[in-house]
Amino acid sequence: MVQRPVRVLVVGGGAAGVITAATLLREAADGVGATPLDIEIVERDVTVGPGLAYGTSERVHLLNNYAGRMSAFEDDPGHLVRWCRERDEVVGAETFLPRQVYGEYLSGLLDGLPGGAAVRRTRDEVVGLDDSGTDYVATLASGRRTSADLVVLALGNPPPRDLPEIREAARSYAADPWAGDLTDRIGRGSRVLLVGTGLTTVDVAAQLTNAHQDVELVAVSRHGLLPLRHHEHPPVATGRPVATGRTLAEVLSAVRAANATDPAAWRSLVETVKAGFNAQWQALPYGEQQRFVRHTARYWEVARHRMAPAMADLVEGLVLDGRLRLAGPADVDVSGFDLVVNCTGPAPAATPGWNPLVDGLAARGLLRPGPHGLGLDVASDGRLLDEAGVPARALHVVGAARRGVEWEVAAVPDIRRQAKSVAGTLSVVPSDIGSLVG
């Protein structure tokens, strides 16, 4: 007698989808009475793994975290470094890898994993999803239908929010900062306006100046804050939790007091705060969370999501040479630039129009926007909530779409944690899918 495999549909084949699939395979193989799996990953792009975040071909684009922290597996932190060394890459735990290399790592993640499972990579798009009560039936853009016992929404990031006033005023406007023709749209002496001053702006600035040495860049944002610099060596959390509070003022006061004891160790303080951030976030009342989103989030993000040292050197050099200038919205004339690039970062996952599956589920009341409109609403275990707040039977969300319910959701360590949680549900799948077949 053979147990029928649990059928898993992963919607999206970027980092979140592949890490989740790989984690499910490892956890199922390691469990008592190993659970056989049949996993299908549906992804629009040719390659499964890199997604938008790690699909760049620009070697100047580096990870903004140490290789020793970017393993796909929580219980095997050296996995990525070993993989690199097997390919003769000179890599240590403190290396900041090119994002292209990390994309290649993700592309091969499902090769050579424990047996007893089938993994299919389907180039298509899920445009509809129905729950029959015993299984899920997904409709693909090609017209094919596929069934699953458990579904994982690993949707990735929507494109940036549209900026109609800037788009209409610009001579030339790039809505997609990752467009393949970006460097071809400018020439010698071009003036480029980058809207935003986060990590996307840093990447675009590096890419454009690498291709055109004399391009003039202006980055514009309300705060005018670039990401801070990583130290060459990974900081370690202090191990002493920062005092928490029920108001944002109390939390900030505790963080400032902790920082005052050793201002030079602020990176270690960030690591400490990060470790307990989601618990503190969920302990704050809604209004206090809203104050954080409006007034504090940007300051946290520039300290939390830092630049690799080499990238920081490059950006600081551009600023010193006058090739990159920071400005406020009132200080720029959009029409005076040869190209304007929207680098404001991804829109929320619930934004209409970017994903037909999201639109369809929302129209049928099977999902609702999460807190503060930052993502999709999910239960504490990551299951999607419908408009009445009822959790889906076996439909899980991983990655950036969980933002709002939690705050730290989209970095690889966050995705690993979420993937392990999904894997934990394999032992409690409905009894009908554990039926025996001869």
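This passage walks through the domains, a strand hairpin and the ring contacts of a predicted model. Local features were accepted at pLDDT of at least 70 and side-chain atom pairs at pLDDT 80 or more, whereas totals for chains, interfaces and linings use all residues. Residues are numbered from 1 along each chain as its sequence is written, and side-chain values use heavy atoms, with hydrogens and water left out.

A good place to start is the domain layout. The domain assignment gives domain 1 (6–158 + 347–426), domain 2 (164–228 + 306–342) and domain 3 (248–304); such bounds come from an automatic or database domain assignment. Between the C-alpha centres of domain 2 and domain 3 the distance is 29 Å. Their contact (heavy atoms within 4.5 Å) involves 8 residues of domain 2 and 9 residues of domain 3. About 780 Å² is buried between domain 2 and domain 3, with carbon and sulfur atoms giving 54%; buried area here is the accessible area (1.4 Å probe) that two parts lose on being put together, summed over both.

Next comes a hairpin. Helices (H or I, at least four residues) and strands (E, at least two) are DSSP runs, numbered from the N terminus, and two strands pair if DSSP finds at least two bridges between them. Strand E5 (residues 126–131) pairs with strand E6 (residues 136–140) in the antiparallel sense, over 5 bridges. Asp 131 stands opposite Tyr 136 in E6. The hairpin of E5 and E6 has 4 residues between the strands, and Gly 133 in the turn shows a positive phi of about 105 degrees.

Turning to the rings, the structure holds 9 aromatic pairs. Rings of Phe, Tyr and Trp (its six-membered ring) pair if their centres lie within 6.5 Å; planes under 30 degrees apart count as stacked, over 60 as edge-to-face and the rest as tilted. One of the pairs joins Trp 83 and Tyr 105 edge-to-face, at 5.4 Å centre to centre and 70 degrees between the planes. This pair links distant parts of the chain, with Trp 83 in helix H2 (residues 79–86) and Tyr 105 in helix H3 (residues 99–107), 22 residues apart. Buried means under 20% relative accessible area, exposed over 50%, partly exposed in between (1.4 Å probe, protein chains only). Trp 83 is buried at 12%, and Tyr 105 is buried at 1%.

Ring pairs also link Phe 277, Trp 281, Phe 292, Trp 300 and Trp 407 into a cluster. Both Phe 277 and Phe 292 are buried.
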